[in-house]
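Biologist: Could you put the model up and take me through it? I would like to start with the DNA and move on from there.

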2 protein chains.
Amino acid sequence: MTRPFANALELLRAARLRPTRQRLALARLLFEKGDRHVAAEELHGEALAAQIPVSLATVYNTLHQFVGAGLLREVVINPGRSYFDTNVSDHHHFFYEDSGLLRDIPGDSIAVSNVPPPPEGGSIRRVDVIVRVEKAPQKGRA
Amino acid sequence: MTRPFANALELLRAARLRPTRQRLALARLLFEKGDRHVAAEELHGEALAAQIPVSLATVYNTLHQFVGAGLLREVVINPGRSYFDTNVSDHHHFFYEDSGLLRDIPGDSIAVSNVPPPPEGGSIRRVDVIVRVEKAPQKGRA
DNA sequence: CAACAGTTTAGAATAATTATAATTTCTGAT
DNA sequence: ATCAGAAATTATAATTATTCTAAACTGTTG
C-alpha cells in the first residue's frame, strides 16, 4: 500500500501552498477516503457538514490550486458542471448517464492505439476516454 | 461523395420537424459547409450576420432537437460551454487547449481495446476519446 | 381561410463559476 | 511574543451559458 503523503500538511508543503485551516480541512476531505469524484458545491456541503467554516469561493480557489499542483484532475463530462478527481494516475472513466455517476477505469485495463499525430502540430498532453453507459442492461436488440 | 440529404428541407422532414424559417436557415448554416463544431452563441451570431432573424432561445431549442434526431452530436470538453458536432459518424477529437479548437479524428484511425464491462451493469452507448494537445511542438524534454 | 397544435420570442430565471474589495490569517524577522 | 507585509479568505456582486415562461406567431389540415 503506497501512501504518498502521510497527511494533509505534508501534501500542502509539497505543493508549496500555505497550510491554512481551510486548505488542510479540504485536503483531508478530499484525500483521506480513497478515490473520489467531487463537484465544488458538493465538497462545500461536506465541509459545512463537518463544521469547517469555509466559503464556496475558497472551495473553488482551492480546487483549482490543487489541479495546478497536480493533486487533482478536472473532469468535464456534462455541460455546466465540473468534477474533480482525486485519482491523478493514468486512467479513464465510465459515465453513467442516468445517475451522473463517474467511475474509474484503470489505465492498464484499456488501450488506445494508433492515435495519429495532431495535424496542426503540438504535443499530446493527455488522452481521455469516456465510456458512456446507459442504465438498461445489455440485451439482444429488438 | 455521399450526400445524405439533398437539402435542409429533406433533412427536417426525415427528422419529423416542421420546416420553419428558423430551422431551415439553421440547418443550412450547420450542414452546408462540411463538418463543423459550433457553440450555440456562435451559430446565433452567424444567423444574425446572415440576416436571419432568430432568437438565441430558438437556436438552443433547435440544436437540442437536432441532437435528439441524431443530426448533431453534443461534445462537452470545457466546463461551461457545449459544442455541437455536425459529424455524427463514429469518430473522436483532438482538442487544442490553447485555442479551444476541436478537430475530428476519424473513427477508423484510432482503436480503443479491452474496455471492461461496466461494473454496475448497463450497456455501453458510446466511447469518446479526447486527445488533448498543447501548442508547443513536441521536443526532447529538458 | 379558420382552427389548433407546434414554434418562436423577449425577457426573466437558474446554475455554476469567477471577480472584487475588504477583512483576516499566516509567516518570518525582530 | 509581536509586528509588518504578503497571502488567503470571505461575502457579495458579476458573469456566463443555458433553460424556462407565457404570450405572440406560423404552418398544417380540413
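Biologist: Which element gives the most to the surface near DNA strand D?

Modeller: In this predicted model, H4(B) gives the most to that surface, with four residues; helices (H or I, at least four residues) and strands (E, at least two) are DSSP runs, numbered from the N terminus. The elements that each supply at least two residues there are helix H2 (21-31) and helix H4 (56-68) of chain A, together with helix H4 (56-68) and strand S3 (81-85) of chain B.

Biologist: How many residues surround DNA strand D, and which are the closest?

Modeller: DNA strand D is surrounded by 20 residues, and the closest are Thr20(A), Arg23(A), Tyr60(B), Gly80(B) and Arg81(B); a residue is near a strand if one of its heavy atoms lies within 4 Å of it. Of the atoms of DNA strand D that come within 4 Å of the protein, sugar and phosphate account for 83%.

Biologist: What does that surface look like by class?

Modeller: The surface near DNA strand D has seven nonpolar, eight polar and five charged residues, where Ala, Val, Leu, Ile, Met, Phe, Trp, Tyr, Cys and Pro count as nonpolar, Asp, Glu, Lys and Arg as charged, and the others, Gly among them, as polar.

Biologist: And what is 2.4 Å from a polar side-chain atom of Tyr60(B)?

Modeller: A phosphate oxygen of DNA strand D lies at that distance from Tyr60(B), and this is a polar contact, a pair of N or O atoms within 3.5 Å (within protein, one must be able to donate a hydrogen and the other to accept it, and residues adjacent in sequence count only if both atoms are side-chain atoms). Gly80(B) uses a polar backbone atom, 3.2 Å from a sugar or linking oxygen of DNA strand D, while an N or O atom in the side chain of Arg18(A) is 3.0 Å from a sugar or linking oxygen of that strand.

Biologist: Now DNA strand C: which residues come nearest?

Modeller: Tyr60(A), Gly80(A), Arg81(A), Thr20(B) and Arg23(B) come nearest, out of 21 residues around DNA strand C. Sugar and phosphate make up 84% of the atoms of DNA strand C that come within 4 Å of the protein, and H4(A) gives the most to the surface near this strand, with four residues.

Biologist: Which atom of Pro53(B) lies 3.1 Å from a phosphate oxygen of DNA strand C?

Modeller: For Pro53(B) it is a backbone N or O atom, whereas Thr58(B) places a polar side-chain atom 2.7 Å from a phosphate oxygen of DNA strand C, and Arg23(B) places one 2.5 Å from a phosphate oxygen of that strand.

Biologist: Switching topic, how is chain A divided into domains?

Modeller: Chain A has domain 1 (8-85) and domain 2 (91-133), with bounds that come from an automatic or database domain assignment. Their centres, taken over C-alpha atoms, are separated by 23 Å.

Biologist: How many salt bridges does the rule find across the interface of those domains?

Modeller: The rule finds zero salt bridges between domain 1 and domain 2 of chain A, a salt bridge being a side-chain nitrogen of Lys or Arg within 4 Å of a carboxyl oxygen of Asp or Glu. It does find five residue pairs in polar contact across that interface, both residues at pLDDT 80 or more.

Biologist: Any conventions I should keep in mind?

Modeller: Residues are numbered from 1 along each chain as its sequence is written, and chains are lettered from A and ligands numbered from 1 in the order in which they are written. Local features need pLDDT of at least 70, side-chain atom pairs count only at pLDDT 80 or more, and totals for chains, interfaces and linings use all residues, while side-chain values use heavy atoms, with hydrogens and water left out.
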